[in-house]
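Work through the exercises below with the sequence and the model at hand. Each task is followed by a solution in steps.

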Amino acid sequence: MVGLVFVSHSAKLAEGVKEIAEQMTQGKCMIAVAGGIDDPQNPFGTDPIKVKAAIESVYGKNGVLVIMDLGSALLSAEMALEFLDPEQAQNVKLCAAPLVEGAVAAAVQASIGANIADVMNEALNALRVKSEQLAQVNTMAPPLAPSRSPAVPLPGQEKIKLTLTILNRNGLHARPAANFVKAAGLFQANITVAKGTKIANAKSINQMTLLDAGQGDQIEVRASGPQARQATELLKVLAENKFNEKDEETAFVTLEKAAGLADTRENVQGAIAGIPVSAGIAVGPVAHYHSRFPEIKTRQIQDTQSEINKLQAAVSKAGKDLEQLRNQAAQKLGAIKAAIFDAQKMFLNDPALLDAVQDAILTQQCNAESAWQKSIDAMAKEYRKLTDPYLREQAVDLIDVGRRVLVHLIGRRLPTLELAQPAILFAKELTPSDTVQLSPDNVLAICTALGGQTSHSAIVAKALGIPTIVGLGEDILTWTENDIIALDGTQGLVWPHPTQSQLTECQTRRERWQTQQQQAKALAQTPASTMGRNPKTIKVVANSDAHDTKTILDYGAEGVGLFRTEFLFLGRLQAPCEKEQLQTYTQMANIMQTRPLVIRTLDLGADKTVPYLNMAPENNPFLGLRGIRFCLAHIEIFKTQLRAILKASPGHNIKIMFPMISTPEEFCEAKAVLNEVKQELKSAGIPFDENMEVGLMIEVPSAVAVADQLAGRADFFSIGSNDLTQYIMGADRGNRKVNHLVNALNPAVLRMVAQTARAARKAGIWVGMCGELAANPLAAPVLIGLGLDELSMNAPNIPDVKNAIRHCTMHHAKKMAQTVLTLETAKQVEAYLKLNKEKSVK
Ligand code: PEP
Ligand code: MG
């Protein structure tokens, strides 16, 4: 029998038409519907994925006829055909018949076993009877013209295809996927995303993550509808900017790598090995944590609507809980880690998940909690099948969100952890929200049977400073409660039955570790000077964007050494105006008070593009119109930014820094524009800091070669070791294949750092570094020895770098600097630095 699919903008209409057709044929037909879209706020529209699913559900050897209502329904049906297996697609016909009349005629014809051509014909002729009848009644009724699909898309119904490459180190995992979904949700457009044979609704966080798109994978975005173009433009820019995720946020070892690491570890007597997640030593009693939930029973219910209402209320309460948790996490762990809970919130708004649950309630007439639990279990199972370990571990986040909704559905509280005494926590697996509630005051350490180093719980445990080992195996769940055990989170070792001497040794190491922790915390707030007779104080500041200014001070930042202003410009459809920029710079300046705040002017170009500035594609964008070159070619944008920075400056210590300067001429040109803006402000009587320092980033080899000439014109240098390395080595910093060359510890790079510092010293200006190398505590002595005055880094690295500064003398630092300049490879430099660190610890 021919299968039938009815597509409508309204889910109710599609169901209603199906009801009439079934009534006409006494249910003898195979009918599926695809009505509306999964957006509770705006449910009208059509969804190609739904159409595809409907076709597949009634597909048989006799084929399927699709009848649709108007506008985008046609496009969705056409798109659905493209998604189908080509062999299947050949047997599916789209029918131009009017929905209601056509559906009824087709159903009757199909129910008598007619072939697809006859069913289609019958449907196409369905209006004739009505038309002829009305023609008799109403002589003005026009003759019926054969219906035809429009040859070109109607205005506002453009169909756009776009291929994007995933650049994110851990692929399209929950946080970047959440940003994708958020962006897609801003537009009136049907957007689907395909990777190979998998297709996702771009507004569904789960479907997007389940695409399993890893770094380097290509995905195809197809959009239709009135705002298809704007949507794809924004998605393109987002993808190029790694969906606003920074690599340093994802620099974790994968489960597989960590497991390899465990294998090479020395076999310490009596110890069980797991995956080290968070460093530290602990000795204490075992405390098992079972986050058991009451068994969810399936009940038959009559009033499906009231179950759906219950579900919606529970989801909304869970959303509020997550909001609170996010704020709590932001206070405790900083904004970056708190974003874990933002991503969890996206699960709650996932139309695919909610739709599946509502469908189950309606079709199976079951209770909301059972439908919810089953959908979460099914989806978590899909996550666990993914190949990418990072994506796979997000099943735990989904389960976490699932439990949060369940507690509201069944009116229970989430199980809480009550420890009678400080203890080592044992669990099968911990969710991020379990972990964020823990306090290092009574949780001495964490051991879990499952889990990996890249899980969100692991990130939270590390941020809380709780020694943690995961992946220890299920045997640990049988260890006796309250038995005293010892644990080394750095090596990933646990001693279930420590000998007296092992206990004593661990106890001593724990005390030493704790003392170091406390000292590091207190010390982080004070300036860092080298040891010895001629100490030098190194300014340790943070790299920042607009989001994390408050928390960077908690880490001991003495100011901001690099404010990357491009984050203000990315992921949007128009440039921020002067007022918006001024507000952001003022906000930051108010937090920094009189601490230095180095604002880098816009560094667009290369991998950072925006749709609204006519940035023409370039063959070699990293060698193209980026950084200061772009600003000098777009003077108005440049001047607007400079005006905003100058206006924010009175009473603060703001400095301006130009990126990607390659020649003295370019620096002079940029300063000339700045002077022009200053003159304009002066004439208008607007105050600004007239003594504001103006410096530049050294990130192009030519700037190093003429550093002496630049130094005479600048107030400071800041070395951008990330770009400087890629340009010196001629190796793209984002290309894995040449990763071995992109190492700032390469003597070629260190020699350029030395040359830059020499030029700065000779001209009497200060020189800092704000690339990743500055965050490496091993490299700190060498950088100081080479003559750097300031190190700027992501704030969480500050305590360690300050600690490294305090452990070296200037004499030793200079000697180390001289030595590394004579070495030949980055590996040799690294080995030398490690050796020196060990020596200094002993
Ligand atoms: C650098 O290149 O080292 C730098 C700090 O700038 P960005 O990483 O923003 O290019
Ligand atoms: Mg740079």
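**Exercise 1. Which residues does Ala606 touch, not counting residues up to four places away in sequence?**

Solution. Step 1: the residues that Ala606 touches beyond that sequence window are Pro621, Phe622 and Arg626, where contact means heavy atoms within 4.5 Å. Step 2: Ala606 belongs to the loop between strand E20 (596-600) and helix H23 (628-633); helices (H or I, at least four residues) and strands (E, at least two) are DSSP runs, numbered from the N terminus. Step 3: Ala606 has a relative accessible area of 9% and is buried; buried means under 20% relative accessible area, exposed over 50%, and partly exposed in between, with a 1.4 Å probe and protein chains only. Step 4: from Ala606 to Glu618 the C-alpha to C-alpha distance is 8.8 Å, with their positions 12 residues apart in sequence.

Conventions for every exercise: this is a predicted model, in which local features need pLDDT of at least 70, side-chain atom pairs count only at pLDDT 80 or more, and totals for chains, interfaces and linings use all residues. Residues are numbered from 1 along each chain as its sequence is written, chains are lettered from A and ligands numbered from 1 in the order in which they are written, and side-chain values use heavy atoms, with hydrogens and water left out.

**Exercise 2. Describe the coordination of the magnesium ion (ligand 2) and place its ligating residues.**

Solution. Step 1: Glu699 (OE) and Asp723 (OD) coordinate the magnesium ion at 2.0 to 2.2 Å; donors are N, O and S atoms within 2.8 Å of the metal (3.2 Å for Na, K and Ca), and water is not among the atoms, so sites may look incomplete. Step 2: the pair links distant parts of the chain, 24 residues apart, with Glu699 in the loop between strand E22 (694-698) and helix H26 (701-705) and Asp723 in helix H28 (residues 721-729). Step 3: Glu699 is buried at 1% relative accessibility, and Asp723 is buried at 3%.

**Exercise 3. Is H28 largely enclosed or not, and what covers its buried residues?**

Solution. Step 1: seven of the nine residues of H28 are buried, so the rest of the structure largely encloses this helix. Step 2: these are Ser721, Asn722, Asp723, Leu724, Thr725, Gln726 and Tyr727. Step 3: the cover includes strand E19 (560-564), E22, H26, strand E23 (716-719), helix H29 (747-763) and strand E24 (766-769). Step 4: after H28 comes Gly730, with a positive phi near 60°.

**Exercise 4. Characterise the packing of H28 with H29.**

Solution. Step 1: the two axes come within 10 Å and cross at roughly 120°; axes are lines fitted to C-alpha atoms, for helices over the stretch in contact, and angles run from 0 to 180 degrees between N-to-C directions. Step 2: H28 and H29 are therefore oblique to each other; angles under 35 degrees count as roughly parallel, over 145 as roughly antiparallel, 65 to 115 as roughly perpendicular and the rest as oblique. Step 3: H28 and H29 cross in a right-handed sense; a crossing is left-handed if the near helix is turned anticlockwise from the far one by less than a right angle, and right-handed if clockwise. Step 4: H28 contributes Leu724, Thr725, Ile728 and Met729 to the contact, and H29 contributes Ala748, Val749 and Met752. Step 5: by class, this contact has six nonpolar, one polar and no charged residues; Ala, Val, Leu, Ile, Met, Phe, Trp, Tyr, Cys and Pro count as nonpolar, Asp, Glu, Lys and Arg as charged, and the others, Gly among them, as polar.

**Exercise 5. At what angle do helix H8 (residues 174-184) and helix H10 (residues 228-240) pack?**

Solution. Step 1: the angle is about 160°, and the axes are 10 Å apart. Step 2: H8 is thus roughly antiparallel to H10. Step 3: the contact involves Asn179, Phe180, Ala183 and Ala184 of H8 with Leu234, Leu235 and Leu238 of H10. Step 4: six nonpolar, one polar and no charged residues make up the contact of H8 with H10.

**Exercise 6. Where is Arg404, and is this residue buried or exposed?**

Solution. Step 1: Arg404 sits in helix H17 (residues 395-410). Step 2: with 6% relative accessibility, Arg404 is buried. Step 3: apart from neighbours within four places in sequence, Arg404 is in contact with Ala318, Asp321, Leu322, Leu325, Leu414 and Ser433.
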